[in-house]
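Got your viewer open and the chain loaded? Let's take a walk through it, one selection at a time.

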Amino acid sequence: FIMKKKFLLALACLLLASVQMNVKAQVKPYDFTDGKLFYKITSKEAKEVYVVSEKPRGVYTVKLKGALTIPESATHEGTAYAVTGIGKQAFYMCEGLTAVTLPSTLKAISDKSFLGCHGLTSIKIPSLIEKIGKWAFMSCAQLERIDVEESNKKYCSKDGVLFNKDVSIVIQCPSGKKGDCNIPESVTKISAQAFYGCVGLTAMRIPHNVVYIGNDAFYGCVKLRTIKCELKEPLTGIAMGTEVFEQVSTGDIGGSCKLYVPVGSKKAYEEADQWKKFVPNIVEDETLGIDVVSNSGVSVRSESGKILIAAKDNAANIHIYNVAGTLVYSCVVPAATNISLPVQSGVYVVKVGNKQVKVGVK
């Protein structure tokens with residue numbers, strides 16, 4: 001009798017769990033449909049909705065394809081609701097989407113909203129967007145650009161890469177970007193997964209102001225063959241996330257990606273966690289590293305055939321001389337401005353007032 005009672009109790013629990021799972025499975029992520037999109041009411045008072053998927057975790061009976069324009073409003077039972085957000089995984093793995101036009105009313109794009117939309121080639125972030133969730137545009141294989149309306153107060157775009165407004169944080173490089181990527185000098189943080197799966201990138205420049213690189217930042221950048229790092233000391237410890245260079249063609253796996261570092265820095269990089277993966281392909285480069293003209297607020301660096309000068313808070317009178325002492329350039333660099341000056345290979349002296357610094361150009 002006791003055994004039978006325990007069996008019935010266990011069976012009842014199993015049936016109850018099954019019913020709960022079925023109920024949960026039947027819960028729809030949306031409140032209504034309008035056209036071919038699904039909407040969740042987020043505020044009845046403010047009459048606002050998010051675009052969401054048809055089923056949980058971004059599942060659709062028929063996945064959306066082609067060009068999609070998300071409207072500024074959707075109507076339900078005679079009431080018009082403003083479309084202010086894209087829900088979590090709303091278009092997850094909708095590989096057939098080729099273009100998406102976002103409405104000007106949009107304020108938020110949630111986690112994984114467009115993850116795996118391999119057919120997308122570009123997208124433009126509207127001016128009111130104040131939140132872009134984690135992995136929102138990750139693994140979009142053909143996405144070459146993420147552009148942002150200039151009036152947006154939270155985000156901006158440089159050369160198709162997504163940054164915060166003051167260009168101090170790299171947020172997301174689109175997966176389809178190809179060739180070189182020179183991270184702007186103003187950047188101090190490279191976010192986790194910022195370049196994740198960017199299989200078309202072949203060259204990268206890490207500027208001297210970077211103080212943090214997040215988890216998996218360059219994970220899967222399999223075609224990278226050149227990384228020019230301006231940091232005179234390699235980032236280590238809490239300044240580096242995990243598996244930053246995983247699936248990159250590093251020397252420890254017989255790969256050919258070269259890591260160029262400032263003169264005098266090679267040994268430190270060869271001994272630093274994660275960076276030492278590039279051995280024996282760590283090379284010193286005299287054109288790397290930023291030299292600051294003492295107490296002038298002016299920084300100087302070089303690229304192939306160029307001297308790059310940045311003035312911070314005040315305008316600066318610049319004079320550039322070659323090793324023979326001949327004046328090559330004389331100009332004024334406005335405050336908060338970067339300029340690029342074409343020069344032949346060689347060593348130059350950059351003077352600001354009575355201060356000076358040498359720079360080598362290849």
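## The whole chain first

Start zoomed out: the protein chain has a radius of gyration of 26 Å, whereas a compact globule of 362 residues would come in near 21 Å. Keep in mind that this is a predicted model. Along the principal axes, the C-alpha atoms fill a box of roughly 100 × 55 × 35 Å.

Switch to cartoon and count the elements: the chain has 2 helices and 29 strands. Of the contacts with a separation of 6 or more, 47% are between residues 24 or more positions apart.

Now put a surface on. The accessible surface is about 18300 Å², and carbon and sulfur atoms own 53% of that. Of the 362 residues, 44% count as buried. If you colour by charge, you'll pick up 44 positive and 33 negative side chains, with the centres of the two sets 5 Å apart.

## Stop one: Lys47

Hide the surface and select Lys47, in the loop between strand 2 (37–43) and strand 3 (48–52). What is the sign of phi at Lys47? Phi is near 55 degrees, a positive value in a residue other than glycine. Lys47 is partly exposed, because its relative accessible area is 38%, and partly exposed covers whatever falls between the 20% and 50% cut-offs.

## Stop two: a pair of rings

Next up, aromatics. The whole structure holds 12 aromatic pairs. Show Phe91 and Phe114 as sticks: the ring centres sit 5.2 Å apart and the planes meet at 15 degrees, so this pair is stacked. Phe91 belongs to the loop between strand 6 (79–86) and strand 7 (97–101), and Phe114 to the loop between strand 8 (108–109) and strand 9 (122–125), so the pair links distant parts of the chain, 23 residues apart.

Buried or exposed, this Phe91? Phe91 counts as buried, at 0% relative accessibility. Phe114 is buried too, with 0% of its own.

## Stop three: another stacked pair

Move along to Phe195 and Phe218, an aromatic pair that is stacked, with 5.2 Å centre to centre and 15 degrees between the planes. Phe195 is in the loop between strand 16 (189–190) and strand 17 (201–206), while Phe218 is in the loop between strand 18 (212–213) and strand 19 (226–229), so the pair ties together parts 23 residues apart in sequence. Both Phe195 and Phe218 are buried.

Don't deselect just yet. Add Phe245, Tyr269, Trp275 and Phe278, and you have a cluster that ring pairs link together with Phe195 and Phe218.

## Stop four: Ala136

Back to Phe114 for a moment, then bring in Ala136, in the loop between strand 10 (131–132) and strand 11 (145–148). The C-alpha atoms of Ala136 and Phe114 are separated by 5.5 Å, though the two are 22 residues apart along the chain. Which residues does Ala136 contact, leaving aside neighbours within four places in sequence? They are Ile109, Ser110, Lys112, Ser113, Phe114 and Leu115. Ala136 counts as buried because its relative accessibility is 2%.

## Stop five: Gln193

Select Gln193, in the loop between strand 16 and strand 17. At 9% relative accessibility, Gln193 is buried. Show what surrounds Gln193, skipping residues up to four places away in sequence: Gln193 touches Lys134, Trp135, Met138, Gln172, Asn215, Asp216 and Ala217.

## Stop six: around helix 2

Ser265 is found in the loop between strand 20 (258–261) and helix 2 (266–271). Not counting residues up to four places away in sequence, Ser265 touches Lys232 and Glu284. Ser265 is buried, at 3% relative accessibility.

Cross helix 2 to Gln274, in the loop between helix 2 and strand 21. Phi of Gln274 is near 75 degrees, positive in a residue other than glycine. Gln274 has 19% relative accessibility and so counts as buried, the cut-off being under 20%.

Finish at Pro280, in the loop between helix 2 and strand 21 (282–284). Which form does the peptide bond from Val279 to Pro280 take? That bond is cis, with omega near 10 degrees.

Key:
Residues numbered from 1 in each chain as written. Predicted model: local features only at pLDDT ≥ 70, side-chain atom pairs only at ≥ 80, totals over all residues. Heavy atoms only, no water. Helix = DSSP H or I, 4+ residues; strand = E, 2+ residues; numbered from the N terminus. Rg over C-alpha atoms; globule rule 2.2 N^0.38 Å. Buried < 20%, exposed > 50% of the residue type's maximum accessible area, 1.4 Å probe, protein only. Contact = heavy atoms within 4.5 Å. Areas by Shrake-Rupley, 256 points an atom, 1.4 Å probe, with all protein chains shown as cover. Lys, Arg positive; Asp, Glu negative; His and termini not counted. Charge placed at Lys NZ, Arg CZ, Asp CG, Glu CD. Phe/Tyr/Trp six-rings, centres within 6.5 Å; stacked < 30°, edge-to-face > 60°.
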